[in-house]
Each structure stands twice: as C-alpha cells, then as structure tokens.
Amino acid sequence: MSQQSEEEVAETPYRQIFRLFLPAYCADQRIQDTLEYCRRTGCRDVLLFTTSYDEEPSFKSVEEVRTYTESVLKPAARRFREAGIAVGINVMQTLGHCYFPDDKEYRKAFPFQRRITAEGKNDRGGACPMDVGLQEWVKKTYSVYAEIHADYIFVDDEFRTMLRDGMTCFCPLHLKKIEELANVEAVTIEAVAKAIWHDLDSPLRKAYFEATTQGLAKMAVIIRNTVKAVAPETRLGLMTQVFPQAATGIDYQQILKALSGDERPLVRPQISLYSEIGLHQFAAASINPSIFREVLPKNIEHYAEIENSPYGVWAKSTAMTIAQIYALLLQGFMKQAVNFCSMFMRPLDELKPLIEAQVRERPRFEALANLIPDGNAPIGVYNYAHLHELEVRQVKAPGEYHHGHALAMALPNLGIPLGTDPNSPWIMLTGDALRKATPAEIDSLLRRGALLDVPALQTLTELGFGERIGIKVERELECDEVGFEEFTGPNGLDPLLHRFTLQSFLHLNYGHWYELTATNPCQAWSVVRNFRGDLVTPGLLVRENAAGERFAVLAFTGDVSNHWMANRYRARQLRLFFEWQARTPFPVVVTEDSPYCWTIINRDKEGRLVAGIINTSSDTILNLTPQMAGCWNQITCAGELPLQQAADGSVQTKLAPLDVLLLHQKTTE
Ligand SMILES: [Zn+2]
C-alpha cells in the first residue's frame with residue numbers, strides 16, 4: 001500500500017475506533033500488532049480498555065489501577081500518539097457490570113451494596129450507584145485514568161438497570177429513595193415490582209423511574225467532576241444499550257447531561273450482534289442504534305458498536321462483520337467503535353481475514369462515508385418511538401415489559417425499508433409509545449395514515465382517536481378460533497395473494513390474535529378462519545376515512561414470535577398497503593421474488609438517494625428485481641458505474657449471503 005493512499009484514508013469521514021485490551025503480560029506485542037492493524041486498515045483511533053472482561057472481576061483496588069495505568073496505559077498512550085493515533089480510555093468497570101464475585105475476602109475489599117433484582121436476589125454483575133463507598137472508589141480510580149489525558153473517557157455498559165440477573169435496583173438504598181420520592185413508608189420490593197408491572201398510575205412506579213435515574217445521574221456528575229479536575233480537555237462518553245428494553249427505568253437525557261455538561265455528548269450505542277446470530281435477526285439488531293439515535297437529543301456524537309472476538313465469547317464471521325459495517329454506514333453511522341480482539345494473549349494475526357476484507361472493501365466504505373452525511377437518518381417506514389415510552393408501557397408480566405416494536409423490526413426481512421425519519425410518508429404505529437406523544441404529534445402521524453398493531457390501536461382508542469381510525473379491537477381470540485389466515489389482497493383481486501392460506505395450527509400459542517371490526521367503508525386484505533373454515537376476523541383490516549386517511553390494523557400482536565410476519569405473502573400485502581397508504585411508492589424496494597433482502601435507503605448531501613441491498617438470506621442471489629425510481633449508478637470498489645438493468649428492471653448481480661449491492665441515484669426521474 002502506498003503512503004499516499006494511507007493519507008487519503010485519514011481524511012475520510014469514515015472513522016474506525018479500535019477498542020482493545022492490553023494484557024500486561026503481552027502489552028508490547030499487542031501495541032506493535034495494533035500499530036500494524038492501523039497501518040493496514042487506515043484506523044486512526046484506539047480506545048483502551050482498563051480491565052479485562054475475560055480474566056478479571058468487576059472491581060480492582062486503587063493500587064492495582066494505579067499500577068496498570070502507570071506500567072501499561074500511559075506508555076501505550078505515548079506510543080500510539082507518537083504514531084499519530086488518537087487515544088481514548090474505555091473504563092470497563094465503573095459500577096461493575098460483568099462479574100462481582102461473592103467471595104468473602106473479595107467482598108471485604110469491596111464492601112459495596114450489591115444491586116438487588118426485582119425478585120430480591122443479589123445481582124452477580126455489579127454494585128449500586130447510590131453506595132457512598134462505591135462513589136469514593138469511582139472518584140479515586142477515575143482520577144488515575146484522567147492522568148492519561150485521553151481525548152475521551154467512555155463509561156462502559158453498566159449505566160442501565162438490566163445487568164446480569166434482571167431488572168435492578170431494589171436494594172435498601174433504592175427503596176429508601178423510592179419511599180422519599182413517593183412519600184410513603186415501609187416500601188417493599190414486592191410492592192414496587194407490582195406497581196411497575198401492574199399499575200401504570202402508581203406513585204411507586206414513578207418513584208422507581210426517578211430513583212433509578214437519580215442514582216446513575218449522581219454517579220455521572222461524580223465522574224465528570226473527577227475527570228475534569230485533572231484533565232479539562234478530556235470528554236466523557238456513555239455506552240448505551242438496546243432500546244427500549246435496556247433503557248428501562250432510565251432517563252438517558254438526564255444522565256448524558258450530567259456526564260457531558262455543556263459539551264457535545266458522546267454515545268456508543270450497543271448493537272446486540274455479538275455472535276453469528278440468525279440472519280432473520282440481523283436487520284433488527286443492526287437498526288437498533290438508529291432508533292435510539294432518533295429519540296436521543298440531536299447534538300450527540302455516536303460511535304456505533306461492532307464486536308467480533310474470534311477466540312472469545314463474541315465470535316462471528318468476517319462476512320457478518322463487514323455487512324454490519326455497511327449497515328451502519330448506510331444508516332449514517334460513520335464513526336464505528338469496533339472490538340475485534342480477544343482480551344487475552346491471542347496475536348492479532350487471527351484477524352487476518354477481517355483485515356483483508358476491510359482493505360478490499362475500503363473504497364466502498366469511503367464512498368458511502370463521503371456521500372452520506374454523518375447522522376443522516378435512513379428513509380423508510382417510520383415506526384414511532386419515544387425515549388420514555390417504557391414509563392407508560394401497559395404490561396401483564398415482567399417478560400412482556402420490553403416489547404413494543406417487534407412487528408416493525410420484522411419489516412426489513414420482508415424487503416420493506418424501515419427508516420427513522422419522522423417526516424416519512426409511510427407510517428407504522430406499534431405498542432404504546434404513543435402514550436408519550438403529544439396530541440399534535442399524533443395528529444400529524446394519523447394525517448398520513450398508518451399501519452397499526454393491536455396495542456397501538458388500543459392506545460389510540462384510549463386517547464380518543466378510535467373513531468378517526470374507525471377500526472375496533474373486540475376481544476382476544478381463543479386458540480380454537482385461530483385456524484389459518486387466508487390472504488386476499490386489495491379487493492380480493494391480487495393474483496399472487498388470492499386465496500393463499502397461512503397455516504396457523506403450529507403457532508397457536510404465539511402472537512395473540514384479536515377480533516377486529518370496522519365501520520364502513522372497510523376491506524379485509526386477509527381473513528382468519530377456524531379449523532371448520534368459518535370466518536373469525538379480518539387478519540389485516542383496511543379502512544380509508546372521510547378525510548382520506550388510510551389505515552390498516554394487523555389482528556395479532558406478534559410480541560412473542562415473528563412467524564406471522566416472515567413470509568412472502570405478508571411481504572407483498574404490506575408493501576402494497578404502505579404504498580397505498582402513503583399514496584407514494586418506495587423509491588427502492590425489493591419484491592417478494594427476492595426474499596430476505598434488507599434495503600437501507602439514505603440521502604447524499606444533494607438529497608439524491610443512496611441505497612444498499614444486503615442479502616440477509618442464505619441463498620446466493622443472481623438476479624434481483626428491485627423497484628427503483630429514476631436512474632442509478634452502482635457503487636463499486638473501482639468507483640461508480642452505470643447500473644445494468646434488464647428491460648424488466650431486474651439487476652444481474654451475484655450477491656452471496658451478507659453481500660451488499662450499493663446504489664446511488666443519478667436522477668430522480
Ligand atoms: Zn440500589
């Protein structure tokens with residue numbers, strides 16, 4: 001590789017932040033390996049872990065922290081900086097998040113209040129942020145890390161309620177705070193847990209959310225004050241988890257404010273794509289940071305996460321890792337915090353295939369990063385989300401606490417683009433996030449029409465919008481009433497959908513089906529029949545009101561299984577619905593002829609479309625038939641070339657599983 005091309009790399013908006021641990025027993029070798037990795041891949045940032053996730057417990061003594069910082073972190077930071085590489089510090093254990101041993105001697109050294117779960121059990125991962133002893137330990141250790149004068153210090157994953165063993169924290173310190181906030185006495189864990197899961201309006205529920213946020217926000221202030229006293233130039237960053245579930249009980253806006261002060265907040269959104277997960281889960285995992293970005297304050301700088309430790313717990317294929325890089329670039333995440341090496345003594349040689357693939361694909365990474373502005377939301381069906389939606393979630397059991405967007409997450413597998421641009425013409429409303437929307441927001445959404453799931457319709461009905469939609473949820477169906485779903489399509493005329501039946505007998509226990517009715521005019525685009533063939537309810541009930549707003553409701557919640565969504569007939573049914581609802585076609589969409597192709601659409605600086613079609617099936621696709629508006633180029637490693645399309649619009653291409661076809665619109669006509 002020539003020196004010139006490396007310099008070009010440094011100027012691209014695509015920035016990889018290489019996270020790594022330097023074990024003291026092989027730090028020198030790993031630094032050399034990392035410098036070589038940076039030379040080959042164009043990486044110009046390292047983010048150094050402070051402890052090993054694999055080999056060390058949650059807490060270490062201040063003396064141990066001092067020793068490791070002096071003997072490893074500070075010399076390493078010097079060497080990386082001398083090579084022109086920026087250095088950040090990733091504090092692995094602040095509240096403890098991986099493993100807080102119960103060993104007697106260890107507990108004596110770290111006598112912090114353990115986090116307590118809603119079941120009243122000790123959490124094995126970490127300690128309570130309200131513990132004064134822990135706060136003192138955090139001050140001492142962060143003041144040591146601050147001496148490195150890093151560009152930024154990231155707090156890792158433990159600023160959340162879900163650690164190792166479920167929802168926290170219900171320790172005596174938290175219960176006391178909840179008593180104070182709710183102005184009640186002798187509060188028990190059972191009473192708070194019951195309020196969280198069964199009583200939306202309970203003051204205890206509200207107090208739990210407040211107490212949880214206050215505990216974490218106070219710790220964030222301590223971290224900020226400690227670091228800034230030593231290194232005013234060092235920024236603080238927070239690692240966030242999967243939205244919405246891991247945001248349970250937390251107001252991230254307050255915590256970010258506490259940690260960042262008046263500086264631009266720095267966030268590393270988690271992506272639960274650690275191992276070689278099922279291809280059907282790929283899109284749902286990869287789109288998560290977009291949804292979180294949409295509900296967080298707009299000025300945040302995001303370093304989206306990619307993990308792959310070939311010899312660690314989190315190993316996955318090179319192909320899936322490269323596809324994840326593309327998925328993030330297409331969603332406007334140009335800065336990516338990667339964790340590609342195990343935390344013990346494995347040489348970085350193990351990354352050879354991943355390094356080769358990055359070198360090969362780099363021209364296309366850079367092309368995307370040069371086209372799409374950092375932070376640009378993807379375009380597609382907009383699924384409304386609210387940062388605080390979990391505060392209003394109506395749930396029947398703890399396990400149901402986290403759902404709400406499951407049906408929308410299934411759309412990418414149907415070839416339907418899912419986006420986070422709130423101005424989208426295509427709208428899908430799910431769960432009860434709408435309880436947090438203002439009446440003006442709801443009006444603006446409904447004016448465009450929408451696809452709804454049952455909980456969204458129930459929520460809107462409670463809020464007084466039922467008549468406007470004109471569709472009613474009557475009751476949940478019994479098992480014997482749900483036999484199979486018969487597709488008809490618009491007016492029963494769609495030749496592909498006509499009389500197709502989706503058998504349901506196998507999946508009776510999943511999905512929660514409901515009986516739907518509507519005031520006229522309405523149409524059923526599919527119906528549910530029982531085993532005798534009697535009609536029980538519409539499966540997709542479609543209605544246009546007098547104002548011309550077009551709605552449809554799916555008769556199932558799908559919060560346990562996506563079987564009801566993941567089939568070609570649903571793909572066609574919903575694609576036709578969305579284009580009818582919005583009165584405009586998708587600018588790029590794959591048809592059901594190419595199932596399981598995830599289409600991600602974004603815009604360049606001039607507003608022209610940039611699209612990626614990722615093959616998330618296990619077939620090698622030779623012929624794609626996308627529907628596309630206007631005239632397009634294909635983005636290749638050799639630059640942009642005119643896209644070769646046959647007369648029927650099909651594209652001859654060879655897309656192996658997880659390969660991506662990249663497109664750039666030339667004209668919109
Ligand atoms: Zn606690």
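In the predicted model, K177 and E180 both sit in helix α6 (residues 172-182), 3 residues apart, about one turn of the helix. Their side chains meet in a salt bridge, at 3.3 Å from N to O. E180 is exposed, with a relative accessible area of 52%. Elsewhere, salt bridges that share partners join R19, D156, D157, R268, E305 and E307 into one network. The whole structure holds 49 salt bridges. Side chains of opposite charge can pair when their charged atoms come close.

Helix α3 (residues 62-82) supplies a further pair, E70 and K74. These two residues are 4 apart, about one turn of the helix. Their side chains form a salt bridge of 3.0 Å, N to O. E70 is partly exposed, at 35% relative accessible area. K74 has 19% relative accessibility and counts as buried, because the cut-off for buried is under 20%. K74 also forms a salt bridge with E147, where the closest N and O atoms are 2.7 Å apart. This second contact links distant parts of the chain. K74 is in helix α3, whereas E147 is in the loop between α5 (132-146) and β6 (152-155), 73 residues apart. E147 is partly exposed, with a relative accessible area of 27%.

Helix α6 also takes part in the zinc site, through H174. The protein donors of the zinc ion are C128 (SG), C169 (SG), C171 (SG) and H174 (ND1). They lie 2.1 to 2.4 Å from the ion. The angles subtended by the 4 donor atoms run from 94 to 122°, so the arrangement is tetrahedral; that label requires all angles to lie between 85 and 135 degrees. In sequence, the donor residues follow the spacing C-x40-C-x1-C-x2-H. C128 lies in the loop between β5 (122-127) and α5, and H174 in helix α6, so the pair ties together parts that are 46 residues apart in sequence. Both C128 and H174 are buried.

One of the zinc donors, C169, follows a cis peptide bond. The bond from T168 to C169 has omega near 10°. C169 is in the loop between β6 and α6. The peptide bond from N520 to P521 is also cis, with omega near 0°. P521 belongs to the loop between β19 (514-518) and β20 (522-529).

Positive phi values occur at N183 and L658, neither of them a glycine. For N183, phi is near 55°. N183 lies in the loop between α6 and α7 (189-198), and at 70% relative accessibility it counts as exposed. For L658, phi is about 75°. L658 is found in the loop between β30 (651-655) and β31 (660-667). At 9% relative accessibility, L658 counts as buried.

The interior was also examined for enclosed space. The count comes to 5 cavities of 30 Å³ or more. The largest cavity has a volume of about 90 Å³. It is lined by 12 residues, of which Y14, T41, G42, C43 and R362 are the closest to its centre. Helix α13 (residues 352-371) gives the most to this lining, with 5 residues. By type, the lining of the largest cavity divides into 5 nonpolar, 5 polar and 2 charged residues.

Notes:
Residues are numbered from 1 along each chain as its sequence is written. This is a predicted model: local features need pLDDT of at least 70, side-chain atom pairs count only at pLDDT 80 or more; totals for chains, interfaces and linings use all residues. Side-chain values use heavy atoms; hydrogens and water are left out. On a 1 Å grid over the protein atoms alone, a cavity is a set of points where a 1.4 Å probe fits but cannot get out, and a pocket is an open set with protein on both sides within 12 Å along at least five of seven lines; lining residues have an atom within 4 Å of a point. Grid points are joined across faces, edges and corners, and a volume is the space filled by probe spheres set on the points. Ala, Val, Leu, Ile, Met, Phe, Trp, Tyr, Cys and Pro count as nonpolar, Asp, Glu, Lys and Arg as charged, and the others, Gly among them, as polar. A salt bridge is a side-chain nitrogen of Lys or Arg within 4 Å of a carboxyl oxygen of Asp or Glu. Buried means under 20% relative accessible area, exposed over 50%, partly exposed in between (1.4 Å probe, protein chains only). Donors are N, O and S atoms within 2.8 Å of the metal (3.2 Å for Na, K and Ca); water is not among the atoms, so sites may look incomplete. Four donors count as tetrahedral if all angles lie between 85 and 135 degrees; four count as square planar and six as octahedral if opposite donors are over 155 degrees apart and all others between 65 and 115; anything else is irregular.
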